[in-house]
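This report looks at how the helices and sheets of the structure shown below are arranged, and then at the surroundings of its ligand.

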Amino acid sequence: MIQATNIHKRFKQFEALKGISLEVAKGEVVAIIGPSGSGKSTFLRCLNRLEMIDEGSIVIEGEELVTTNAEGKIQYANEPEARLICRKMGMVFQQFNLFPHLTVLQNVVEAPMTVKGVKYPEILPVAQELLRKVGLEDKMNNYPSRLSGGQKQRVAIARALAMKPDIMLFDEPTSALDPELTGEVLKAMRQLAEEHMTMIVVTHEMGFAREVANRVIFMDKGEILEEGTPEEIFEKPSQQRTQSFLNVVAK
Ligand SMILES: Nc1ncnc2c1ncn2[C@@H]1O[C@H](COP(=O)(O)OP(=O)(O)O)[C@@H](O)[C@H]1O
Ligand SMILES: [Mg+2]
């Protein structure tokens, strides 16, 4: 589903990603963990072109979003193609980014209607079903300001799913939430994983990574330091750096 190869990303002189390579298979749930500033968000943002890479290649479901030619020059797919490729990925951010002037239901139907041209009668039952799935059927006509953080994040998940993505990218979806609200969001994500959605999840929720992920990636200072099954990473990491990170985050 995703083949990212040798991704380099610089912000001025600072190299945020130093040659990241990651392949994700259909239905796989990959958790990315690592200290703050290690490039986790930047990597996710590169995958769906919120950031442009400086070197490397990204292929999504067999379609080239960007490659580097023999002369080392970066080549992105043209704008309409790139947009279509990135539409295969839905993203959920730490900050929910809901439209405050739209109701929950309107937030969910907005992108399918404006971006894909889906008609309201067609998207309405889809949106209702998605909101039911994330447990918000009774909040459809509320405005985001009336919701808790956990509810807002579940709306954000439903909204991303309304675009029918093949891949979901989550960037610390529970980090902005009070501890008692993280469970309901993790439950919605767990449910998605059980339905075999392909997912990349940047998270500090080690319990979630351990139980739900098929593979865990440890990033540090712009590199993948090690990767393995949750058992390998959490029980017997091969890198000292991974071990000290886990010692700090483990409760
Ligand atoms: N737009 C930007 N401009 C300059 N530096 C950035 C920008 N975005 C991220 N960085 C830097 O890149 C590094 C990786 O950031 P980030 O991907 O957000 O890390 P993480 O998500 O792992 O905490 C950090 O040192 C951060 O300050
Ligand atoms: Mg981040």
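## Helices across the mixed sheet

In this predicted model, helix H1 lies across strand S3 (29-33), S7, S8, S9 and strand S10 (215-220), and runs at about 150° to S8. The strands that H1 crosses here belong to an open sheet of 6 strands, whose order is S7-S8-S9-S3-S10-S11 and whose pairing is mixed. At the edges of this sheet stand strand S7 (89-92) and strand S11 (223-228), each of which pairs on one side only, and from one strand to the next the twist averages 20°.

Within this sheet, strand S8 (residues 167-171) pairs with strand S9 (residues 198-202) in the parallel sense over 5 bridges, and Ile-167 stands opposite Thr-198 in S9. A further helix, H9 (residues 240-249), lies across S3, S10 and S11, with its direction at about 100° to that of S10.

## The antiparallel sheet

Another open sheet is formed by 5 strands in the order S2-S1-S4-S5-S6, and its pairing is antiparallel. Because strand S2 (14-24) and strand S6 (74-76) stand at the edges with a single partner strand each, one side of each is left without a neighbour in the sheet. Neighbouring strands of this sheet are turned by 15° against each other on average, if direction is ignored.

Strand S5 (residues 63-68) is joined to S6 by 3 bridges, the two strands running antiparallel, and Thr-67 stands opposite Gln-75 in S6. Helix H1 (residues 40-47) packs on this sheet as well, where it touches strand S1 (2-11), S2, strand S4 (55-60) and S5, and its direction makes about 120° with that of S1. Helix H2 (residues 79-86) also packs on the sheet, touching S4 and S5, with its direction at about 115° to that of S5.

## The surroundings of ligand 1

Ligand 1 is surrounded by Phe-11, Phe-14, Ala-16, Pro-35, Ser-36, Gly-37, Ser-38, Gly-39, Lys-40, Ser-41 and Thr-42, a shell that divides into 4 nonpolar, 6 polar and 1 charged residues. S2 and H1 each supply at least two residues of this shell, and H1 gives the most, with 3 residues.

Oxygen atoms of the ligand take part in contacts with both backbone and side-chain atoms: a polar backbone atom of Gly-37 is 2.7 Å from an oxygen atom of ligand 1, a backbone N or O atom of Ser-38 lies 3.1 Å from an oxygen atom of ligand 1, and a polar side-chain atom of Lys-40 lies 2.8 Å from an oxygen atom of ligand 1. Taken alone, ligand 1 exposes 560 Å², of which the protein buries 59%.

How values were computed. Residues are numbered from 1 along each chain as its sequence is written. Chains are lettered from A and ligands numbered from 1 in the order in which they are written. This is a predicted model: local features need pLDDT of at least 70, side-chain atom pairs count only at pLDDT 80 or more; totals for chains, interfaces and linings use all residues. Side-chain values use heavy atoms; hydrogens and water are left out. Two strands pair if DSSP finds at least two bridges between them. Helices (H or I, at least four residues) and strands (E, at least two) are DSSP runs, numbered from the N terminus. Axes are lines fitted to C-alpha atoms, for helices over the stretch in contact, and angles run from 0 to 180 degrees between N-to-C directions. Contact means heavy atoms within 4.5 Å. A residue is near a molecule or strand if one of its heavy atoms lies within 4 Å of it. A polar contact is a pair of N or O atoms within 3.5 Å; within protein, one must be able to donate a hydrogen and the other to accept it, and residues adjacent in sequence count only if both atoms are side-chain atoms. Accessible areas come from the Shrake-Rupley method with a 1.4 Å probe; for residues, only the protein chains shown count as cover. Ala, Val, Leu, Ile, Met, Phe, Trp, Tyr, Cys and Pro count as nonpolar, Asp, Glu, Lys and Arg as charged, and the others, Gly among them, as polar.
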